[in-house]
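Colleague: Mind walking me through this one? I'd like to go over the aromatic contacts and then one of the sheets.

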Amino acid sequence: MKITDAARILCGTCLAYGLMLQPALAQGTDAQSSASETSGKLDEVVVTAQKREENLQRTPLAVSAITTKALEQRGIVDVSQLTSLAPTLTTTTTPGSTSSSTIAIRAIGNGDPILTSDSPVSLYVDGVVIGRQAGAAFDLLDLERIEVLRGPQGTLYGRNTIGGAVNLITARPADKFGIREKLSFGNWNQWQTRTSLDTGQWGESGIRARLTYVHREQDGYVNNLNAPGDLDPGASKLDAGRVALSFDRGGLFRADYAFDHNKRDGIPGAWQATAANSTVMRLWNASPGYGGRAPQVSAGRLDSLYLNVDEVNTDKVDGHSLRLEFDLNANTLLRSLTGYREWSQITRNGGMDGQNGIRALTVSPAALAPPYSFIPTGVREINLFSAGISPRSQHQVSQEFNLIGKLGDRFDYVAGLFYFKERSREYSQQFPVIALPPPFPPAAVPLLGLMDYMHESESKAAFAQATYDLTDRLSFTGGIRYTEDQKKLDQVAPFLRTLNRDFSQFNWSATLDFQVNDAFMTYARAATGYKAGGVNARSINSGYEPEDLTSFELGAKSELFDRRLRLNAAIFYVDHKDMQLQQFVAGSRGATSNTVNAGKAEYKGIEAEFEALLTDGLTLSGSLGYIDREFKQFLIRDPATNLLVDVASTAHFTYSAKETASAALQYDLPR
């Protein structure tokens, strides 16, 4: 099977190019152009990748920053469309969903949207972690910039950041009153309205507010010959809003509160059959004899398919965040980050084999077990696998405290405490069909499956990171984090069980950076990462252990020709152990599996970003990423022999790209 959609799932080697009208690197705020109109130099880029505001060129870390202007001019509206905006970054929407986003950095990602599985790349909104990749493809509202941190971020950002972290940073309400309206149109009958209102400061209170509303809808991009365009795969309708309040009177205390809401009705990407074994083809080819449609099987992409209709998914996302900051003294800041988010989804996936109108003789499940009785139950339409109306939901609460300060002229530090708790619920109806092999005549055995469980996850951590200037140009940064994770699964079907798993881990990072001169900085970094273990509601075993990762990185950052050229690059080596893989259970015909730690991989790569002010007003920018990735171990269990087999030489990396590239050209007209 494969999913046919416009933003092809990136499996194996993929090269994505774009020619846009906005640089790939952020340039301060949206009010700033790519280059300063008065100085003829590139603007300074400020990031908060290390929990404090820093110049990008002085941050010894592989980080990219992308402004909201860049997102708007590329037509990017949610997280699943960020592919190639930063080197080695790939994103996509997962199969069977319109709101589950898979993010991969440096070839490390996870495509399983089940609510008990963690992603190795964490997503944050203003520092508040999004616990699940399910529901993560929400609309991007009021963004000031996106920061993409590449490589393990296990000390400051915690577990499940072995690939990296993506932090969505929203704009604070403006000081002055203003209204902005954007109306846009696109192909597939897409149209969007986006309205923002800033109240400005209310008198001398220090309080400001910003309200934003978005409505967007479009037809699908794969033609379902059984449905109108607004019910084609990829079609969607979305309403989203955000309310932000800010308090800042210039004193020792500041506060920011935000509420965001997303509601999306959408049709998931299309499934297409690219190949089928002889038993399945025998069943499908018998369909015309029963008055049904012939099968559609093609190794090449089909733009038109006969598919089921009314497979609408409905997603709702609500989020609250509260940020409080206290200046304890001139050199010390205490910050509190509180978040609450909830997501709910109802899926109606009628078929997942790329077929509609296939009719077959159905027989009783008695044909599957001795004495293998062939008992016909009638002729009807079938799908090899389909799902009924299935609700899923998740809610989470998180709290983080940061103490950020400076001791003397040479010592900077960040220390913190973190707490996270979530609860997930899934009730999923599944209808698999088994095609009977010879000597039976072509016939299908319909079965009924059910996934019914409640999952809880709790995480606690303490962390610290400090930078000491050994000389005026040489600095050392060290970090450490201790994490405790608890996971619990209460399951009704397909297994009746209660599972509890506990994990703990120390992670560290060490960085040495050298400021060669005012325009050129180099650094060397070593860091570890930890992806939590857990339990899989689909697996028959009692759980799996964490993944471990160690990364080594060399980087350089430069601003040349009187700050008219910015060039940043990094090379890296990553050792990835105890990868969490699926292994089929012998005798289950591939229907039952275990999640086990049975993989090892190595990644070697290079990343580069550049931005050049060619002439006054004309800026060229771009990025390039290349990864040499290799499985060192990939154990699977042969369902026929029950023996472990290492298929590392033929296994493929999924949901990630071997090469990524982007290019951008911008010309700023005089006012």
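**Aromatic pairs and a sheet**

Colleague: How open to solvent is F253, as a relative accessible area?
Modeller: F253 counts as partly exposed, a class that runs between buried (under 20% relative accessible area) and exposed (over 50%), with a 1.4 Å probe and protein chains only. This is a predicted model, so local features need pLDDT of at least 70 and side-chain atom pairs pLDDT 80 or more, while totals for chains, interfaces and linings use all residues. Residues are numbered from 1 along each chain as its sequence is written, and side-chain values use heavy atoms, without hydrogens or water. The value for F253 is 32%.

Colleague: How many aromatic pairs are there, and how are the rings of F253 and F326 arranged?
Modeller: Searching the whole structure turns up ten aromatic pairs. The ring centres of F253 and F326 lie 5.0 Å apart, with the planes at 40°. Pairs need centres within 6.5 Å; planes under 30 degrees apart are stacked, over 60 edge-to-face and the rest tilted, so the F253 and F326 pair is tilted.

Colleague: How far apart in sequence are the parts that this pair ties together?
Modeller: F253 sits in strand 17 (residues 253-266) and F326 in strand 20 (residues 313-329); strands are DSSP runs of E, at least two residues, numbered from the N terminus. The pair therefore ties together parts separated in sequence by 73 residues.

Colleague: And Y482 with F506: what kind of pair is that, and which strand holds F506?
Modeller: Their ring centres are 4.8 Å apart and the planes at 45°, so this pair is tilted. It links distant parts of the chain, 24 residues apart: Y482 is in strand 29 (residues 474-493), and F506 is in strand 30 (residues 497-517).

Colleague: Which class of accessibility does F506 get?
Modeller: Y482, its ring partner, is partly exposed at 28%. F506 has 56% relative accessibility, so it counts as exposed.

Colleague: Which strands stand at the edges of the five-strand open sheet?
Modeller: The order is 5-10-11-8-9, with mixed pairing; strands pair when DSSP finds at least two bridges between them. Each edge strand has a single partner, so one of its sides has no neighbour in the sheet. Those are strand 5 (63-67) and strand 9 (128-130).

Colleague: What is the bridge partner of L123 in strand 9?
Modeller: Strand 8 (residues 121-125) pairs with strand 9 in the antiparallel sense, over three bridges. In strand 9, L123 is partnered by I130.

Technical notes. Helices (H or I, at least four residues) and strands (E, at least two) are DSSP runs, numbered from the N terminus. Rings of Phe, Tyr and Trp (its six-membered ring) pair if their centres lie within 6.5 Å; planes under 30 degrees apart count as stacked, over 60 as edge-to-face and the rest as tilted.
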